[in-house]
Amino acid sequence: MIEFICYPKCTTCQKAKKWLDDNKIEHTLRDIKEANPSLEELNAWYKMSGLPLKKFFNTSGLLYKSMELKSKLPTMSEDEQLKLLATDGMLVKRPIVIGKDFVLVGFKESEWSERL
């Protein structure tokens, strides 16, 4: 069973949920706005994903833009970035799929088809 972390009002998350349902992939749903990922979770997902930490930021989000993170992130340590991500789920890129030994960030149908 995978964990599907999303923001239900996000159109990309809606497409991803439909894809999971259409492909009959069992999952638990977690609303990122209501159940913000903890620092420990984010750190574990980041390490398991093999992705650069910047990929975990919702760079198109209003909060990211209003905080002017594009210019601030390069000067922040990984630890500072992870702590910042843990403060608000709206800073985190979504959807996120957490499996036993993998993490997918964002919805890329080809990547999901290959992995799930």
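Lys-54 sits in the loop that connects α2 (39–49) with α3 (62–66), and together with Lys-55, Lys-70 and Lys-93 it forms a patch of positive charge on the surface. The model in which this patch appears is a predicted one, so defined that each residue carries a confidence from 0 to 100. For the protein chain the mean pLDDT is 96, with 100% of the residues reaching 70 or more. Confidence is lowest in helix α6 (residues 109–115), where the mean is 95, and highest in strand β3 (residues 96–98), where it is 98.

Turning to the fold as a whole, the protein chain contains 6 helices and 4 strands, which follow one another along the sequence in the pattern β-α-β-α-α-α-α-β-β-α. The C-alpha trace spans about 40 × 25 × 25 Å along its principal axes. Because a compact globule of 116 residues would have a radius of gyration near 13 Å, the 14 Å of the protein chain agrees with that expectation.

Two details of the backbone, both in loops, deserve separate attention. In the loop between α5 (78–85) and β3 lies Pro-95, and the peptide bond that leads to Pro-95 from Arg-94 is cis, its omega being near 0°. In the loop between α1 (11–22) and β2 (27–31) lies Lys-24, whose phi is positive, at about 55°, although Lys-24 is not a glycine.

Note on methods: Residues are numbered from 1 along each chain as its sequence is written. This is a predicted model: local features need pLDDT of at least 70, side-chain atom pairs count only at pLDDT 80 or more; totals for chains, interfaces and linings use all residues. Side-chain values use heavy atoms; hydrogens and water are left out. Patches are made of residues with over 30% relative accessible area and no salt bridge: like charges are joined within 9 Å, nonpolar side chains (Val, Leu, Ile, Met, Phe, Trp, Tyr) within 5 Å. Accessible areas come from the Shrake-Rupley method with a 1.4 Å probe; for residues, only the protein chains shown count as cover. A salt bridge is a side-chain nitrogen of Lys or Arg within 4 Å of a carboxyl oxygen of Asp or Glu. Lys and Arg count as positive and Asp and Glu as negative; His and the chain ends are not counted. The place of a charge is taken as NZ of Lys, CZ of Arg, CG of Asp or CD of Glu. pLDDT is the predictor's confidence in each residue, from 0 to 100. The radius of gyration is taken over C-alpha atoms; the globule rule is 2.2 Å times the number of residues to the power 0.38.
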